[in-house]
Amino acid sequence: MRAARRTGGLQRKLFVALLIVGIVPGMVALWATYRSSTASLKQAIGEGFQEIARSTSIRLAGAVDEEIDRAGRLAVSVANQQAKHRSSQTGGNPTAAARSHIDRRPVTNPVTAGYLEEWASDSRHYLRITIADQQGLVVASTDPGLPPQQADQTWWREAIHAPAGAAYVSNVALDPVTKDAIFHVAVPIVEKLGGTMTGAVDLVIRRNLLTQLILPIQIGNTGHAMLLDTQGTPLICPVLPPTAHLIPANLMNRLALDHPLWLVADDDAHGGRDAIVGASPVRFSHPLTPSSLEGTRWYAFVRQAPEETYAPIYSLLLSVGVIGFGLVIALSMLGFVVGYRIVKPLTALQREAEGLRLTLTTSHTDSTAPSATLPLPQEYRTGDEIEDLATTFSAMRAVLEENLRTIRSQQHELIRQEKLASVGQLLAALAHDLRNPLGVIRSSAQVVLEGPQDEAIRHEMARYIIDEVDKLSQRLHDFLRYARQKPPDPTDCAAEDVIREALKQWKAQGGHERIRVEQRFERNLPRIRIDPEQIKEALMNVLMNAREAMTEGGTLTLATRSAEGGRVEINVTDTGSGIAPDHLARIFEPFFTTKTYGTGLGLTNVKRLVEDNGGTLAVTSTQGTGATFTLRFRPVS
């Protein structure tokens with residue numbers, strides 16, 4: 001059964017070993033390749049997004065810078081026309097022109113709304129163009145509905161107080177009248193003569209000037225560019241309206257640097273997790289006033305849905321998985337084939353060994369079978385150490401079978417001789433035990449036949465004859481018990497009941513007058529399953545041996561108690577002569593006895609009866625102080 005349970009174990013071990021040796025390094029290599037390839041792809045994608053953001057920021061800055069330049073050129077044109085107009089009003093007198101400038105008396109401005117409309121006709125991005133003087137009064141505007149006083153507007157205050165060469169650019173916001181998304185570009189008007197600021201030029205530009213630079217940027221199906229400010233507000237987003245999302249503060253803190261960069265964002269504000277994004281600050285070539293862009297900064301921001309971004313990585317992962325799975329399948333097949341080729345001859349050898357074991361354990365063998373080594377079967381011809389092992393095993397089997405036939409032949413002869421010796425020993429013991437009683441019986445009978453005798457003599461002779469007949473009967477009983485082994489008929493009974501029955505029968509035989517009997521029975525012992533007649537007979541033999549050992553009298557102790565493992569133990573202890581140490585190992589051998597009479601089968605029968613009933617028998621003795629016989633039985637389950 002154990003061999004059957006282990007069938008295929010070596011093949012499984014070889015299979016698992018090949019899988020471990022082949023797959024683990026392969027999977028580690030594939031994992032390392034995947035990690036390095038993933039890192040390279042992320043680096044390449046991130047750098048691409050960074051470059052797109054950088055180029056977008058350059059175009060945005062260029063568009064705003066161009067509008068600042070246009071506003072500056074318009075301011076210079078207005079200043080020149082004002083100068084010419086003032087000169088014509090003063091008759092070309094420099095002194096009068098200087099006095100007019102010093103007095104700051106308003107001079108009629110030659111710039112008109114028509115001029116501004118003509119100037120802006122080459123661009124569709126202007127919502128309004130306004131020129132205001134140094135008091136904030138509107139001098140000219142393309143919007144006739146514009147309030148005449150603009151001194152309270154941020155663009156005028158920033159422009160009129162701007163440092164030399166600086167401009168004001170507002171953040172993108174909704175125009176309160178037209179609801180268009182616009183931003184302001186304002187510059188001061190400076191007279192050439194004296195460098196005095198005489199007003200400001202304001203260009204109100206629609207956001208589509210910047211949007212047209214961002215909308216064409218498409219990366220795959222979901223990638224796009226955005227314009228953000230430092231607060232994370234999307235100024236331009238082609239996907240979601242500005243109010244629908246806000247860039248998380250932690251992301252803005254990471255990308256709001258002074259140089260282009262890329263990073264992996266936990267949340268890209270578009271529902272993307274672990275998204276790769278690129279960003280770059282928008283750097284204007286013109287200096288701006290402190291309140292420009294509402295104190296913030298613009299950033300070009302590029303993102304793509306992570307599912308699309310990581311699609312190449314997922315494709316790589318799929319390829320790696322397919323390759324890895326293919327390797328697993330290939331190595332599994334290889335392991336199975338290699339394991340089968342190795343295990344097949346070993347399995348055949350195992351079957352041969354099992355057959356040899358059965359041959360060795362069977363009780364008969366064919367003594368005529370050939371013992372020569374047979375040619376190896378084809379399944380053993382592997383050309384390696386397994387074939388050598390099979391050859392050696394085949395030769396060994398032939399030798400073993402030949403030796404087995406010889407041993408069994410000798411065994412049969414030994415058994416026959418042993419039986420003859422046992423019969424001879426049995427007959428010798430029987431002849432010895434019969435000769436003495438028969439001699440006593442003959443002598444007694446001869447005394448009776450010689451003539452009339454006294455009544456006392458005749459009674460004595462009759463008693464001799466009866467005693468010797470009883471001895472012969474007991475000897476014949478021992479021989480029959482040894483020769484005919486009756487199987488037990490077990491029943492559930494109490495150990496103390498069997499002891500009492502044996503003790504009662506022992507007392508009935510007499511000869512115990514000088515022996516004191518003690519009974520020590522433990523209470524609540526479990527019942528035992530035995531044949532009570534056989535165990536009573538065994539106890540009778542032990543009690544008779546105890547009586548014969550205490551010729552001068554003594555104490556006989558009968559005790560029961562619970563032993564290790566729940567067994568029930570019966571102890572018979574005497575205070576007789578004891579057993580010599582060199583005799584203890586032989587007292588259960590058939591025909592061994594130290595008495596001048598007896599067959600030597602009493603204790604042999606006791607041991608056999610106890611063991612047939614599932615018990616054990618042990619004896620301890622100290623010569624001169626007595627002996628203890630211990631019988632142990634399993635309790636009823």
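**Exercise 1. Two helices side by side**

In this predicted model, work out how helix H13 and helix H15 pack: what is the angle, and how far apart are the axes?

*Solution.* Start with the general idea: two packed helices are described by the angle between their axes and the distance between the axes. Now find the pair: H13 covers residues 532–549 and H15 covers residues 602–612. They pack at an angle of about 145°, and their axes are 9 Å apart. Next, the handedness: H13 passes H15 in a left-handed crossing.

Then look at who touches whom. From H13, the residues Gln534, Ile535, Glu537, Ala538, Asn541, Val542 and Asn545 take part, and they meet Gly602, Leu603, Val606, Leu609 and Val610 in H15. Sort that contact by class and you get 7 nonpolar, 4 polar and 1 charged residues.

**Exercise 2. A check on helix H13**

Compare the expected span of H13 with the distance between its end C-alpha atoms. Then decide: is H13 largely enclosed or not?

*Solution.* Step one: H13 has 18 residues, and at 1.5 Å a residue they should span 26 Å. Step two: the end C-alpha atoms are 25 Å apart, which agrees. Step three: buried means under 20% relative accessible area. By that cut-off 13 of the 18 residues of H13 are buried, so this helix is largely enclosed by the rest of the structure.

**Exercise 3. Building the sheet**

What is the order of the strands in the open sheet, and which strands are at the edges?

*Solution.* Put the 5 strands in a row: S14-S16-S17-S19-S18, with mixed pairing. The edges are S14 (515–521) and S18, each pairing on one side only. From one strand to the next, the twist averages 15°.

Now go through some of the pairs:

- S14 and S16 (residues 554–562) are parallel, with 7 bridges; Val517 stands opposite Leu556 in S16.
- S17 (residues 568–574) runs antiparallel to S19, and 7 bridges join them; Val572 has Phe629 in S19 as its bridge partner.
- S18 (residues 616–622) and S19 are antiparallel too, over 7 bridges; here Ala618 has Thr630 in S19 as its bridge partner, and Thr616 stands opposite Arg632.

Finally, add a helix: H15 lies across S18 and S19, running at about 140° to S18.

**Exercise 4. Inside and outside**

Is strand S19 largely enclosed, and why? And which side chains of S18 are buried?

*Solution.* Take S19 (residues 626–633) to begin with: 7 of its 8 residues are buried, so the rest of the structure largely encloses this strand.

For S18, recall the pattern: in a regular strand the side chains alternate between the two faces of the sheet. S18 does just that: Leu617, Val619 and Ser621 point to one face and are buried. Thr616, Ala618, Thr620 and Thr622 point to the other face and are not buried.

One more detail on the way from S18 to S19: their hairpin has 3 residues between the strands, and Gly624 takes a positive phi near 95° there.

**Exercise 5. A residue in a loop**

Where does Asn524 lie, and is Asn524 buried or exposed?

*Solution.* First, place the residue: Asn524 is in the loop between S14 and S15 (528–530). Second, apply the cut-off: exposed means over 50%. Asn524 has 81% relative accessibility, so it counts as exposed. Third, compare sequence with space: Asn524 and Arg561 are 37 residues apart in sequence, and their C-alpha atoms are 9.6 Å apart.

Key:
Residues numbered from 1 in each chain as written. Predicted model: local features only at pLDDT ≥ 70, side-chain atom pairs only at ≥ 80, totals over all residues. Heavy atoms only, no water. Buried < 20%, exposed > 50% of the residue type's maximum accessible area, 1.4 Å probe, protein only. Helix = DSSP H or I, 4+ residues; strand = E, 2+ residues; numbered from the N terminus. Pairing = 2+ DSSP bridges. Axes fitted to C-alpha atoms, helices over the stretch in contact; angles between N-to-C directions. Left-handed = near helix turned anticlockwise from the far one by under 90°. Contact = heavy atoms within 4.5 Å. Nonpolar A, V, L, I, M, F, W, Y, C, P; charged D, E, K, R; others polar. Expected span 1.5 Å × (residues − 1).
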